[in-house]
Amino acid sequence: MARLEAKKPPLFIGEPLTKDTVRQSLSLLGGILKSCYGPAGRLKQLHNGGGGYVCTTSQSSALFSCLSVSHPVLRVLTASVQNHISRFSDCGLFTAILCCNLIEHFKSLNVASCTVIKISNHILNLCMDYLKSEACACRVSVDFSSIETLLCLVRSILMSKPACMLNKPEVDHLTALILKAFMFTVPCHVETNAVLGKCVIVPVKGRRVVDSTVLPGLLIEAPEIQLAKPITVKRTCSNMIKTALFCVSMSGDLCNSEGGVITVPQGICLEMSELNQLLNIGKQLVDAEVGLVVCQKVIHPSLKQYLQENQVMAVDRAGLSLMGPLSRMTGSNPIASIHSLSPSCYGSLKDVRIENFASKHFVHLIPNDTVVCSLILCNRNETAWDELKRACETAEHVLQLTMKEPLALLGGGCTETHLASYIRHKTCSLSTSSFKDMDCSRTQYQLVADGFCRSLESVACSLSHDGGETLTDMVYGHCWFVPSGFPSVSNWSDLVSKCGCGINGSAENLNWRLLQGQFGSPIILGCPKDPPVKVADFLTLDCFAAKCSGLQVAVETANLILDLSCVIEDQN
């Protein structure tokens, strides 16, 4: 008999943020994330200790799903960021890096945690009120009647993912495709409760990125299709193709008895009985003038042959992921039984064709109204394709969020530095009553505000990975990057041409200062509302909804971690 170990008492860790191991772990996690940030971010290879699949990425969604953290404090941080990513897809690294920066700066202050939390919440409210106001100088309105701003938004996402290994022509090609695919999913006829359609990504690995294309409708891979053989599909009198969609197996296998007993009369063959039932369903489909049958699972060869002899195209093994888009596109109700068919279960299609891409054969289902489309996504290898797929899904989600709230924020670090300048300007004019409400002194407020601003500026500095200087100007509060190799006493106007987002040039004297230097002066002017340059060529944008949420999540998570006084860990 195995010896039983005595149950260990739970481990109590008081004031966890004062422990060296926690501070070192937070610093290490922050360093990993900062090194991945932005278009020049360094890639990470993630795999478990036992080997297996290796993930090469710099995207937050992949990083946090593959990274394993053990300390409860880090678990709180990663869980908050993962929840943000699941809701918005974008700005995951921004959220995590800002949270780490805030914890680091706030813990270095000689101010009680409860006071820091009150002040940082007040500053967060100032930021959110400003970002949502018409006076905000770091946000851009998105006009869906013009594609220029939308192209900037998608291009910014693709260019921030270096593991996709895209050059400029490839970025431009994919940007147009993603936007076209998104427009396919927007219903032509707006209803009270309009629902966006679906873009299905079809993988083609080992081909050039510029071979990618988008088609209205759905592509279902069908290896048995022969291109040389013409297809004939029965049509209705209105020249439409009637469709039936089955989500149940039509293979003729015996149903699962769920552990019970099936009693079979003598002389009855269950297999033949099941096949006869399938052929009976086939006859009903033919009589109902169905031209296309799509099955999520397998169709029995005899039924498939019977349907084809009667000019009914049969496509099986469509898979669960396509059932929703198929139902939406055709108007069919998925049939879950082979024993009864309802006249209301059928849908319709405009046309069916056979397509060939990279030695793969597909059945192309073309709908009457396009709300579902297929993005045939190509890349040179599997690693780059996986990263590109994640980037395309993020771009699609960002466009959906932007349609709900047609705004964007300036990217390239400019929103962060502009917000820092705004906070410094705003906090200088706070009344004495504000400090009384927060039960803090002016000095304490200024210390926390400076830590908040430095945390934002540190996020902007994380975009630079080559040792160059990072500046902010005293007019617009934007972020500027100086190439490495130049002394800090240089004439900055000669070294920079555009700010991080691309909206401002260096023609005028903007009175720059180094970031992470001395306490900065407040900005003099707001950023101009109308860009002085052509938007489509220069502007780097971030998703408004994702970045606003990321800012809130970072501050609230940092406050939660600062408020932790004890961790109780089960050791059994």
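This is a short tour of a predicted model, stop by stop, with something to select at each one.

**The whole chain**

Start with the full protein chain in cartoon view. Its secondary structure adds up to 16 helices and 20 strands. Colour by burial if you like: of the 572 residues, 51% count as buried. For contacts with a separation of 6 or more, 75% are between residues 24 or more positions apart.

**First stop: a three-stranded sheet**

Select 198–205, 213–216 and 372–379, which are strand 5 and strand 6 plus strand 14. Together these three strands make an open sheet in the order 5-14-6, and the pairing is mixed. Strands 5 and 6 are the edge strands, each pairing on one side only. Look along the sheet and you can follow the twist, which averages 20° from one strand to the next.

Now keep just strands 5 and 14. How many bridges join them, and do they run parallel or antiparallel? The pair is parallel, with eight bridges. For a landmark, show the side chain of isoleucine 201: leucine 375 in strand 14 stands opposite.

**Second stop: a four-stranded sheet**

Move on to the open sheet with strand order 10-9-8-11, again a mixed one. Pick out 313–315 (strand 10) and 347–349 (strand 11) at the edges; each has a single partner strand, so one side of each has no neighbour in the sheet. On average, neighbouring strands here are turned by 30° against each other, ignoring direction.

Zoom in on residues 241–246, strand 8, alongside strand 11: this pair runs antiparallel and is joined by three bridges. Threonine 243 is a handy place to centre the view, with glycine 347 in strand 11 as its bridge partner.

**Third stop: aromatic pairs**

The structure holds four aromatic pairs, and two are on this tour. Select tyrosine 130 and tyrosine 422 first. Their ring centres are 3.9 Å apart with the planes at 15°, so this pair is stacked. Trace the backbone away from each ring and you'll find tyrosine 130 in helix 5 (residues 113–131) and tyrosine 422 in helix 12 (residues 414–427), 292 residues apart. Buried or exposed, these two tyrosines? Both tyrosine 130 and tyrosine 422 are buried.

Next, select phenylalanine 435 and tyrosine 445. This pair is edge-to-face, at 5.5 Å centre to centre and with 65° between the planes. Phenylalanine 435 belongs to helix 13 (residues 432–438) and tyrosine 445 to helix 14 (residues 442–461), so the pair ties together parts 10 residues apart in sequence. Phenylalanine 435 has 5% relative accessibility and counts as buried; tyrosine 445 is buried too, at 0%.

**Last stop: helix 4 against helix 14**

Stay with helix 14 and add residues 92–107, helix 4. The two helices pack at an angle of about 145°, with their axes 9 Å apart, and their crossing is right-handed. To see the contact, show side chains on both helices. From helix 4, the residues involved include Ile97, Leu98, Asn101, Leu102 and His105; from helix 14, they include Val448, Gly451, Phe452, Arg454 and Leu456.

Phe94 is also among the helix 4 residues that meet helix 14, and it has something else to show. Select lysine 547 as well: its charged end sits over the ring of phenylalanine 94, 4.7 Å from the ring's centre.

Notes:
Residues are numbered from 1 along each chain as its sequence is written. This is a predicted model: local features need pLDDT of at least 70, side-chain atom pairs count only at pLDDT 80 or more; totals for chains, interfaces and linings use all residues. Side-chain values use heavy atoms; hydrogens and water are left out. Two strands pair if DSSP finds at least two bridges between them. Axes are lines fitted to C-alpha atoms, for helices over the stretch in contact, and angles run from 0 to 180 degrees between N-to-C directions. Rings of Phe, Tyr and Trp (its six-membered ring) pair if their centres lie within 6.5 Å; planes under 30 degrees apart count as stacked, over 60 as edge-to-face and the rest as tilted. Buried means under 20% relative accessible area, exposed over 50%, partly exposed in between (1.4 Å probe, protein chains only). A charge sits over a ring if NZ of Lys or CZ of Arg is within 6 Å of the ring centre and within 35 degrees of the ring normal. A crossing is left-handed if the near helix is turned anticlockwise from the far one by less than a right angle, and right-handed if clockwise. Contact means heavy atoms within 4.5 Å.
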